[in-house]
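I open this notebook to record what I looked up in one structure, entry by entry. The sequence and structure come before the notes.

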Amino acid sequence: MKDEGINLVAGRRAEQKVEHFISGPSLIIFGVVFVIATVLVIYSFLLSSQYDSLVSQETSVRAQISTVSAKRDKITIIHERLAAIRSIIAKRSSLSATVFNILSIIPDDFSLDGITADDNQVSITVTSNSLAEFADFLEQKIPSFAAKDKTGVKTVQVRAFSQSKNGYSLGLDFLMNGGTAK
């Protein structure tokens, strides 16, 4: 005869199947979540180390920029000073050339008693014993000199004309760029 009792083994097998069915996917899900969490933690450490590296690079670049900025400021100041010096030298050479041109028209018989010059005016005082030489100087040489545009002289004014025991003395003001006599 067959033993007809309760079959406990069959129920046990059904429970094992249900446990196996639930625990298998749970383990897979847990494994996937664990792997993702591990990857995220590693990625976080990687980003943190890159952040620290970027912060140190930023500090280094800021220091270099401040150094370059200070150098740029110094170079700008030097450039401005050189421009001012060039301007002064250009004025000097221009004034020097103008004075040289003025002195070149004075006849050899004249003696130069005085000369003053600035940016707007060159004043000379000449002496000669001959009125005829003064007439030629005032009527021929001065007008032709003043007519030249290259000299920079815009106006020639007679400052003084006098007779002394040394001869005749003439004071002339050569005005540049519309200046006025002092």
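The entries below cover the surface patch, the salt bridges, the aromatic pairs, the nonpolar core and two threonines.

**Entry 1. Status of the model**

I note at the outset that this is a predicted model.

**Entry 2. Nonpolar surface patch**

I looked for nonpolar side chains on the surface. I found a patch of about 390 Å², made by Ile28, Val32, Ile36 and Leu40. I placed Ile28 in helix H1, which spans residues 8-104. Is Ile28 buried or exposed? I computed 59% relative accessibility for Ile28, so this residue counts as exposed, the cut-off being over 50%. I set beside this the general tendency of nonpolar side chains in soluble globular proteins to be buried together.

**Entry 3. Salt bridges**

How many salt bridges does the structure hold? I counted three.

I took Arg62 and Glu58 to begin with; their side chains meet in a salt bridge at 2.9 Å, N to O. Both residues lie in helix H1, four residues apart, which is about one turn of the helix. Arg62 has 57% relative accessibility and counts as exposed, while Glu58 is partly exposed with a relative accessible area of 40%.

I then turned to Asp73 and Arg72, whose side chains form a salt bridge at 3.4 Å, N to O. Asp73 is partly exposed, at a relative accessible area of 38%.

I next examined Arg159 and Asp173, whose side chains meet in a salt bridge at 3.0 Å, N to O. This pair links distant parts of the chain: Arg159 is in strand E3 (residues 153-164) and Asp173 is in strand E4, 14 residues apart. I recorded Arg159 as partly exposed, with a relative accessible area of 40%. Asp173 is buried, with a relative accessible area of 2%.

**Entry 4. Aromatic pairs**

I searched the whole structure for aromatic pairs and found six. One of them joins Phe110 and Phe134 in a tilted arrangement, 4.8 Å centre to centre with 55° between the planes. The two rings come from distant parts of the chain: Phe110 is in the loop between H1 and strand E1 (111-117), and Phe134 is in helix H2 (residues 131-147), 24 residues apart. Phe110 counts as buried at 8% relative accessibility, and Phe134 is buried with a relative accessible area of 2%.

I also examined Phe145 and Phe174, which form an edge-to-face pair: 5.9 Å centre to centre, 90° between the planes. This pair likewise links distant parts of the chain, with Phe145 in helix H2 and Phe174 in strand E4 (residues 167-176), 29 residues apart. Phe145 is buried, with a relative accessible area of 3%. For Phe174 the relative accessible area is 0%, so Phe174 is buried, the cut-off being under 20%.

Which residues do ring pairs link into a cluster? I listed Phe110, Phe134, Phe137, Phe161 and Tyr168.

**Entry 5. Nonpolar core**

I went on to the largest nonpolar core, which has 19 residues. The members that touch the most other members are Ile102, Val122, Ile124, Val126, Phe137, Leu172 and Phe174. H1, strand E2 (121-128), H2 and E4 each supply at least two residues of this core. E4 gives the most, with five residues.

I followed Leu172 further. Leaving out residues up to four places away in sequence, Leu172 touches Val122, Ser123, Ile124, Phe137, Leu138, Ile142, Val156, Gln157, Val158 and Arg159. Phe137 appears both in that list and in the ring cluster of Entry 4. Arg159 is also the salt-bridge partner of Asp173.

**Entry 6. Two threonines**

I looked up Thr127 and placed this residue in strand E2. Thr127 counts as buried at 10% relative accessibility. What lies in contact with Thr127, neighbours within four places in sequence left aside? I found Asp109, Phe110, Ser111, Asp113, Phe134, Asn166, Tyr168 and Ser169. Thr127 and Tyr168 are 41 residues apart in sequence, and 5.5 Å apart in space from C-alpha to C-alpha. Phe110 and Phe134, both contacts of Thr127, are the tilted pair of Entry 4.

I closed with Thr98, which lies in helix H1. Thr98 is buried, with a relative accessible area of 6%. The C-alpha atoms of Thr98 and Ala117 are separated by 9.6 Å, and the two residues are 19 residues apart along the chain.

Key
Residues numbered from 1 in each chain as written. Predicted model: local features only at pLDDT ≥ 70, side-chain atom pairs only at ≥ 80, totals over all residues. Heavy atoms only, no water. Patch = residues over 30% accessible without salt bridge, like charges linked within 9 Å, V, L, I, M, F, W, Y side chains within 5 Å. Areas by Shrake-Rupley, 256 points an atom, 1.4 Å probe, with all protein chains shown as cover. Salt bridge = Lys/Arg side-chain N within 4 Å of Asp/Glu carboxyl O. Buried < 20%, exposed > 50% of the residue type's maximum accessible area, 1.4 Å probe, protein only. Phe/Tyr/Trp six-rings, centres within 6.5 Å; stacked < 30°, edge-to-face > 60°. Core = buried A, V, L, I, M, F, W, Y, C linked by side-chain atoms within 4.5 Å. Contact = heavy atoms within 4.5 Å.
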